[in-house]
Amino acid sequence: MPGGDTERASEEYDAIVIGAGQSGGPLSSALAEAGMKTAVIESKLVGGTCINYGCTPTKTMVASARVAYMARRAGDYGVHTGRVTVNMEEVRRRKRRMVVDFRGGSEHRLENKKGLDLIYGEASFTGPKQIEVALRRGGTRRMHADRFFINTGASPSVPPLEGLSSVPFLDSTSVMELDTVPRHLIVLGGGYIGLEFAQMFGRFGSRVTVIQRSAHLLAREDNDVADAVADILREDGVEVLLNTETISVRRAGERSVRLTIRARGERARSILGSHLLVAVGRTPNTGKLNLIAAGVETDERGFIKVNGKLETNVEGVYAMGDVNGGPAFTHISYDDYRILRTNVIQGGNARTTGRMVPYTVFTDPQLGRVGLTETQARAEGYKVRVAKMPMNYVARAIEVSEDSGFMKAVVDGATDRILGCAILGMEGGEIMAMLEIAMMGKLPYTTLKEAIFAHPTLAESLNNLFGSFQDS
């Protein structure tokens, strides 16, 4: 018989999951529990972006930055301390420990699930229902299944910027491995990821400059929300340059980078920094999958095309999480798992159509968002009513001296139902969740306006918010 690993007969499985992220991990376990012989292939680390490079490490470091910020503010509360310093090696050590703990729990669950094989390697299709796995420890395995579920996620994008390949720039993963506080961190991109890092490192002690091409930060948000976030960052000492294009970048000595930038209507000028963070979006991890061999279609950016049931154009092949181009949030990836569990295992008919997409930007204060923005609601033809109230009207926020930002709710004037909200303020994500629950229950805003909430809590601010309509 012919020899060599690559010529062995294919191993047969009922289901193969490619990627052990926030969809792939729980789905592979559920498939195995349902009696299907299942394999989950992971090329790097169990847990995907969230645990290893995203939510867990960044929010752990955000917490450290907030402690530094509050320590410097201690005198505002009548508490006096000495000089505040930040040890980035200790911050990094805490972050790494948290990641290892979270990932270890996920690995343990997968490794000990009956009927499930956890395989470390790089998977690529060799046919519609056939893959070859280049094993991490060497060798290959050929595998066949009737169903495939792709959960390979996305990675930081690298823009086609002149000179970028010649400088040691950082991305959202490598920036968390710094062992010293940057002298001057330049951030390319005014999206959620860039802003969290900008404020974080500003609080660690860096000088920070954010460069954004458009007139506002946070392109998905209403302008008043985005502008308020910019003001908060500036109050924190972050330099925010809007309407500014980065033309080129080059080294400036051993430890610096020089960017040539041009603000709209102005002449080009240069800016010198010690570190450069590129945070201009995410690229799908589809390049190594050889999707052409499977016949799976992607869009022009490489994201896998799916319908509302997360089905690709190839029967029995599904894509979930960031790789399918949907909202790139952990909780959306997990909901993709729930949809597939319902449909594939339970015989249901769940869809992504119409689902709410809540999210929180973990700047300080937080920005909690769900539903339609004011701009979207008006574009869709609703009879829009806007309730808006500054956080310095909220007793709890005033009492703890954290009253930056505002609350904004968009209401359908025809039905009194809440269409969406933006809560930029103390624990904005938690307050947003209360409004989301009301939206899920199709409650009119009047229910929250007249509800009895404990005093003094942030929740009771909803009474006054819905008495603050700015009708037009």
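These questions and answers concern a predicted model.

Visitor: What pLDDT does the chain average?
Guide: Of the residues, 98% score at least 70. Residues 1–6 fall below 50, and beyond near neighbours in sequence this stretch has six contacts in the model. Where pLDDT is low, the predicted coordinates should not be read in detail. The chain average is a pLDDT of 96.

Visitor: In what order do the four strands of the open sheet lie?
Guide: The pairing in this sheet is parallel. Strand 9 (239–241) and strand 13 (275–278) each pair on one side only, which makes them the edge strands. The order is 9-8-7-13.

Visitor: By what angle are neighbouring strands of this sheet turned against each other on average?
Guide: The sheet in question is the open one formed by four strands. With direction ignored, the average turn between its neighbouring strands is 20°.

Visitor: Which residue in strand 8 stands opposite Val187?
Guide: Strand 7 covers residues 184–188 and strand 8 covers residues 207–211. The two run parallel and are joined by five bridges. Opposite Val187, in strand 8, stands Val210.

Visitor: At about what angle does helix 5 run to strand 8?
Guide: Helix 5 spans residues 192–204. It lies across strand 7, strand 8 and strand 13. Its angle to strand 8 is about 165°.

Visitor: How far does helix 3 reach from its first C-alpha to its last?
Guide: Helix 3 runs over residues 55–72, which is 18 residues. At 1.5 Å a residue, 26 Å is expected, and the model is close to this. The reach is 26 Å.

Visitor: Which helices do the buried residues of helix 3 pack against?
Guide: The buried residues of helix 3 include Thr56, Pro57, Met61, Val62 and Ala65. Ser64 and Ala68 are also among them. Their partners are helix 2 (48–52), helix 4 (88–111) and helix 5.

Visitor: How many disulfides does the structure hold?
Guide: A disulfide needs two cysteine sulfur atoms within 2.5 Å. For Cys50 the nearest cysteine sulfur, that of Cys55, is 3.3 Å away, and Cys50 is in no disulfide. Cys421 is in no disulfide either, with the nearest cysteine sulfur, again that of Cys55, 19 Å away. The count is zero.

Visitor: Is Cys421 buried or exposed?
Guide: Buried means under 20% relative accessible area. Cys50, at 11% relative accessibility, therefore counts as buried. Cys421 has 2% relative accessibility, so Cys421 counts as buried.

Technical notes:
Residues are numbered from 1 along each chain as its sequence is written. This is a predicted model: local features need pLDDT of at least 70, side-chain atom pairs count only at pLDDT 80 or more; totals for chains, interfaces and linings use all residues. Side-chain values use heavy atoms; hydrogens and water are left out. Two strands pair if DSSP finds at least two bridges between them. Axes are lines fitted to C-alpha atoms, for helices over the stretch in contact, and angles run from 0 to 180 degrees between N-to-C directions. Contact means heavy atoms within 4.5 Å. pLDDT is the predictor's confidence in each residue, from 0 to 100. Buried means under 20% relative accessible area, exposed over 50%, partly exposed in between (1.4 Å probe, protein chains only). The expected span of a helix is 1.5 Å times one less than its number of residues.
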